[in-house]
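User: I'd like a close look at the cysteines in this one, and then whatever else you can tell me about the parts around the chain. Can you walk me through it?

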Amino acid sequence: MQKINYFLIILFLVFPYFNWGQNPFYYKIDKTKGLPSNNVYDIYQDSKGFMWFASNLGLCKFDGKNFLSYSNDIQTSKAGSNIKEDKYGRIWYSNFDGYLYYVENGILKALNNKNTIGFVKFGIVNDYLFVVQKNNILIYELKNIQLAKIVPVNTDELIATHSNTNAFYFLSKNLTIIDKNLTLKKVKLNEDITINFPAAIFQDSSDGLLFVSKYAKHFYVYNKGHFSKKFIEGKCNFLQNLSFDGTTNWVCTTQGVIKYKDHSINTQNTYFKDFNISYVFKDKQDNYWFSTISEGILLVPNLENNFISFDKKPNVINVLNKQLFIGTTNDKIYKSDIHNFKFTKIFDGATNHEIYFINSDSTTNKLFFTSNTFKIKDLKTNELSENIIALKDAQKIDQTYYAFAGSGLCGFLKFSNKKSNWDNFIKANSNPFDEKLKLYSCFKGIQGKSATYNPFNQTVYFATSSGLFAMNRSKKIELKFNNASLYFSKIKNFNNYVIGLTTNEHIYTIDSKNKIKLFSSEQYTNGEKVIKFKVIQNSLFLFTPYSIYEYNLLSKSSRKVIALNPEFEITDLAKIETKLILANSRGLLILSNLNNTITKHPKFIVNSIEVNEKKRKITELEDLKFNENNININFSILSFIPNQKNRLYYKINNQNWQLLDDESRNFKLNSLAPGKYSILFLTEFENKKSAITKIIINIEKPFWLTYSFIFFILILCFGFLLWIYQIQIKKIQKRNQLILDKINLEKNVNQSKLKAIKSQMNPHFFYNALNTLQSYILSNEKKEAVEYLSKFSNLTRTILEMTEKDWITISDEIKTLALYLDIEKARFEGDLTYTITIDPSIDTELIKIPSMLIQPYVENAIKHGLLHKKEEKILTIEFLKIENNLIIKIDDNGIGRVKSNALNKIKNKNHQSFATDALQNRIALLNQYTNKNISIETIDKYTITEQASGTTVIIKLPLE
């Protein structure tokens, strides 16, 4: 189906633009439709299919829905012309000051052509851009827009320029031709062109180069080096432009556009005489675009389809014997031959009531119609009969009767006196309603909607407000569907069945056995509800609020005839041969070549893609990072059919197809999860689907979700767990070792304690003590013996008690020391003097020290220091508190450690200080066991003459 059919409805949204006579259907695109300016000078369609317009307000792009204007701050002016596209997709145009601009990546940029001489058409030939400057033709390489060559010319003699795919033409006193290889050629012009051909314009044509003058009455055709002169036929005052659509030339004038036809320019072939046409362009879908100087753009989808302006407000139409009858909304009927469309009024009512029903009978040559009353007009005698009945519909039964439906009654109309098989039935089952018009009612007091007749079962059907009734010559019954009454607004027979439309917009069929079936019309109307229908020949025309569809009742195929909108309504239609005539309140639409219509799908184009609001190339979508997951696809649906509802579907991966909003031009995907997405788009037009557009998006996983990273993390976790396991093992081993060390330490401490006890309870001590006791007994010193024995026994008991304790108070230690020293003092026969002093700040009952700590040092002082001294033997023990430490000083005035060691070696070469070694070992064990820092310092004392004067042992214990 040709695209023009979709434009017809829109053309009538601007009814004042149609005048008496014939013109091609056109749709007017102007400022009310979004065009930036009504002054349009040039039209172009780019390689993608977008339309470009150069207007008084600059360059703009059109996709059939939206206009996008391009400008920048360095333009000297915006108005211009001569739109072209280079091989790199850049769109060029020149303003009327002669400066060139081009659109690249959506931005309008300027060419630096400073020495302009005003508007001169530039050229694009293959890889080169040709720009005329003062006395030069500048040739640029388009790849990098760098100057490649300069051709000197005399621009003072310049008349016009032109370019095509093969060459650039410079017209002055000669025709200079520069081909695509930059080879220059000059063609000599005849004298008439240079003298009597002012303001020449030239363009390609099927005959060669076509030369016209804005003012001359003749033109030239240049072909193969020769100029042929021809004259313009008819009156033409001013020619302002030439265009070539690939097959036909158009001469643009201030009073329409002349089609170059049969190698001639004839004003009889003028279109749109009321418009100042500036350019003509034929797009890739064979639509014609006519730009005007002040009225915007006229879009003509098909030059062969015409609109016949008819200001009598057509409402219904009927065809009889190649005569077209038109009933108007103001109670008039016109007729016309179907070829010349010259209208003659044959009825003029006085009520201004609309004629809503009209039917003609070829047998009797009568016209049946209804306005305020039902009328019958004899077309031969012009005799007119009428009745006040409001007849809604009538269907011929045979050569005698019509079945009719009207307001208040339904029945039969007898229009001849021929015998009929229905005579007896009608006589017996109906009542005369109007003897003059021969109307007979079989249903009275009922609102009739429509009537039809099926000759295959010889049954008349009446659609009424009470249901659908079928009547044959034997009975009358109501037909129901699923035991429910049916309320039809229209019924019509075709072959052996009846088609009916209910008031709730469903279509049913009733076959010859009166079996009723639902007809699924939505599959043939793109899902649109049917509001009325008309059967013509083998075609069922379905009217929806948005379109008219033609359904072939034999082939079961359908096509869209025309698109509608609420502002434009087709009230009726008729089909004559290959033409379809549609009635509108402003005239008649004549659609031609209905058998050769071709459906052309709208084109889906991706304009740009944004990732996280930044533009990206489509080739970059397969390597997106995990956080580049907000995608916006901006697209266009190139369809220049006004108000066409283009269905766009999308599909993501293996999901079902989804319908996109028809008004939307953006497809957004937000917060996409990592992965690969295959996004498919297709358009649906007249139940036919276009090719699929596919976009692949691949969003990489974040590094923490990649297999290598997961494997690394698993290894790391395993290593960490192994490390934790090893730490725990080490902790257990350390804990066990600590327990073992503690056991060993306790063992060593206990052993050291035993050694300390042993050092105190050694045989020498007991031997000496018993000897002293024996001496007391032998000398009969009973009192001293008893006291000595008591002290010895107390000391022994105290030492044994200490073996059970690790720590004792200072008070207990002093008592033990006093007992020990008293026993040793007795052995020295009064030569030993000792003193024990205690710092008053020391609480002897509270502070504890390790048991058996001091006594061994005291014993060493007596045994090794004082024992060998001949003079007075003095031993001093001091308990001091310095800062947070307990200081214990054991001081003697003995012979010193050096002399003592010498004496011991003389007595015993292998002598070792058992008590001292044991004590040192014990101190080390205590520090380890208690985490205290007990220190022992031994100081040798000397006189001024360096003689040994004793030893001082200092024990330092930290206090808690």
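Analyst: Let's start with C410. Its sulfur lies 6.8 Å from the closest cysteine sulfur, the one in C442, and that is too far for a bond, because a disulfide needs the two sulfur atoms within 2.5 Å. Keep in mind that this is a predicted model. C410 is also buried, at a relative accessible area of 0%. C236 tells a similar story: the closest cysteine sulfur belongs to C252 and is 11 Å away, so no bond there either. C236 counts as buried too, with 12% relative accessibility. For the structure as a whole, the disulfide count is zero.

Now for T502, which sits in strand β48, residues 497–502. T502 is buried as well, with a relative accessible area of 5%. Its side chain makes a polar contact with the side chain of N504, at 2.3 Å. Leaving aside residues up to four places away in sequence, T502 touches Y487, F488, S489 and Y508.

Last stop, helix α7, which covers residues 810–827. Its 18 residues should span 26 Å at 1.5 Å a residue, and the end C-alpha atoms are indeed 26 Å apart, so the two agree. Buried residues of α7 include I810, I814, L817, L821 and E824. An α-helix has 3.6 residues a turn, so residues three or four places apart point the same way. Other buried positions in α7 include S811, E813, T816 and Y820. Just after α7, E829 takes a positive phi of about 55 degrees.

Terms used. Residues are numbered from 1 along each chain as its sequence is written. This is a predicted model: local features need pLDDT of at least 70, side-chain atom pairs count only at pLDDT 80 or more; totals for chains, interfaces and linings use all residues. Side-chain values use heavy atoms; hydrogens and water are left out. Helices (H or I, at least four residues) and strands (E, at least two) are DSSP runs, numbered from the N terminus. The expected span of a helix is 1.5 Å times one less than its number of residues. Buried means under 20% relative accessible area, exposed over 50%, partly exposed in between (1.4 Å probe, protein chains only). A polar contact is a pair of N or O atoms within 3.5 Å; within protein, one must be able to donate a hydrogen and the other to accept it, and residues adjacent in sequence count only if both atoms are side-chain atoms. Contact means heavy atoms within 4.5 Å.
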